[in-house]
Amino acid sequence: MTKRRSRGDGGLHWDESRQRWIASVTVGYTPAGKRIVKKASGKTKTAAKDKLKQIIRDYEDGLVVSGTGYTVADAVQNWLDFGLSGRDAATVEKCKILANKHVISGLGARKLVDLTADDVDRWLADKSKDLSTRTLRELRSILVRSISRAQARDKVKRNVVLLCEIPKGKEGRPSKSLTLAQAEAVLKASEGTALHAYVVLSLLLGARTEELRALTWSHVNLDGTPPSIMVWRSVREGGDTKTKKSRRTLAMPRRCVDALKLHHERQEVAKKAAGNRWQDNDLVFASKVGTELDAHNVRRSFRAVLKKAGLDPKDWTPREMRHSFVSLLSDSGMPIEAISRLVGHRNTSVTETVYRKQLRPVLLEGAEAMDRILPPREIS
């Protein structure tokens, strides 16, 4: 006589249409009281029962996988939809582009329960032929976060991406800095343009582009002793600066003061021209109707300045004015500790890591040094 299975062992029957043994087990109930049944199949009774036992073990260990049809694309899309709350718009957009262009296109069709560390290793190795190490790190992070979210929702037992190392990627274009002659040429070329004060503050104060785009007139003191700006905000989500140390107040060289005074006069003219269309956000650097500039606006205007200065616009980005600030101060003999404070880094190791190619051996502080390096010039 066949021994009766114990309660909880599940059922076992032959499926004629599939020509396989089907093992099934009830693992729980929905809030509405409907049974949740998991099934396993095999060519033999033993194979089906073994799979059934694994399902039961996983259920008892809290590792029940809720669906074998759930793909990597499903996991990544779920993370994009619900796992990026609180991030700034630029970060969200960047994650979407990377996820769709590289992760979903490369691994999206793979069932999540079937994804292996070898699959991920091969995918990263293939991507390393065309992408930088930094981009590979971002892709792995997207995949780790997406699968961790799926794991927390019982879609998969473990996160195999955690077993994978990041390969060395293609060498990216290293950041560089303007020479003193090039910096002077860019400053001169910017005169008379709406970006002039922006260029001056970038080169002579080393402020980040996202900090300048968020700068308000209430944080500018043109008549103080010394004149100064409070770098307390950025266009990041919530308006915070990149780090706590990035929140700083900087004395301004005379050339910055002159540029901002002229910029303020021109902005008053723009306000009158805009009339009722002007939106008063108190922004120092704003569009023709007072709204916040986006990164594309700045890049486009900066390229026009570079072209006028005789430089190839494709070779430079606005953030490299900050690199140039570090390089010029370092060349003048300013110690790395002082430069680190001026650019708002947590410590000198960050400065050395990010700007190692711009730093030189040192000895001497901000506004006074820049007045000597790039003295003010009369602007008609």
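This passage describes the cysteines and the salt bridges of a predicted model.

No disulfides are present: a search of the whole structure finds zero. Two cysteines can nevertheless be placed with respect to the surface. Cys 164 has a relative accessibility of 2% and is therefore classed as buried. For Cys 256 the corresponding value is 0%, so this residue also counts as buried.

Charged side chains are paired in a total of 11 salt bridges. Among them are two that involve Asp 119. In one, Asp 119 is paired with Arg 110, with 2.9 Å between the closest N and O atoms. In the other, Asp 119 is paired with Arg 122, and here the closest N and O atoms are again 2.9 Å apart. The second pair is local to one element, since both Asp 119 and Arg 122 belong to helix α4, which spans residues 117-127. Within that helix they are separated by three residues, about one turn.

The members of these two pairs differ in their exposure to the surroundings. Asp 119 has a relative accessible area of 14%, and because buried means under 20%, Asp 119 is assigned to the buried class. Arg 110, at 34% relative accessibility, counts as partly exposed. Arg 122 reaches 53% relative accessibility; the threshold for an exposed residue is over 50%, and Arg 122 is therefore exposed.

A further salt bridge is formed between the side chains of Glu 211 and Arg 248, with an N to O distance of 3.1 Å. This pair connects distant parts of the chain, its partners being 37 residues apart. Glu 211 lies in helix α8 (residues 209-213), whereas Arg 248 lies in strand β6 (residues 248-251). A helix and a strand are thus linked through this contact. Glu 211 is buried, its relative accessible area being 3%. Arg 248 is likewise buried, with a relative accessible area of 6%.

Returning to the pairs around Asp 119, the salt bridges share partners and join Arg 110, Asp 119 and Arg 122 into one network. Asp 119 is the shared residue, as it is bridged to Arg 110 and to Arg 122. The network thus brings together a buried residue, Asp 119, a partly exposed one, Arg 110, and an exposed one, Arg 122.

Key. Residues are numbered from 1 along each chain as its sequence is written. This is a predicted model: local features need pLDDT of at least 70, side-chain atom pairs count only at pLDDT 80 or more; totals for chains, interfaces and linings use all residues. Side-chain values use heavy atoms; hydrogens and water are left out. A disulfide is a pair of cysteine sulfur atoms within 2.5 Å. Buried means under 20% relative accessible area, exposed over 50%, partly exposed in between (1.4 Å probe, protein chains only). A salt bridge is a side-chain nitrogen of Lys or Arg within 4 Å of a carboxyl oxygen of Asp or Glu. Helices (H or I, at least four residues) and strands (E, at least two) are DSSP runs, numbered from the N terminus.
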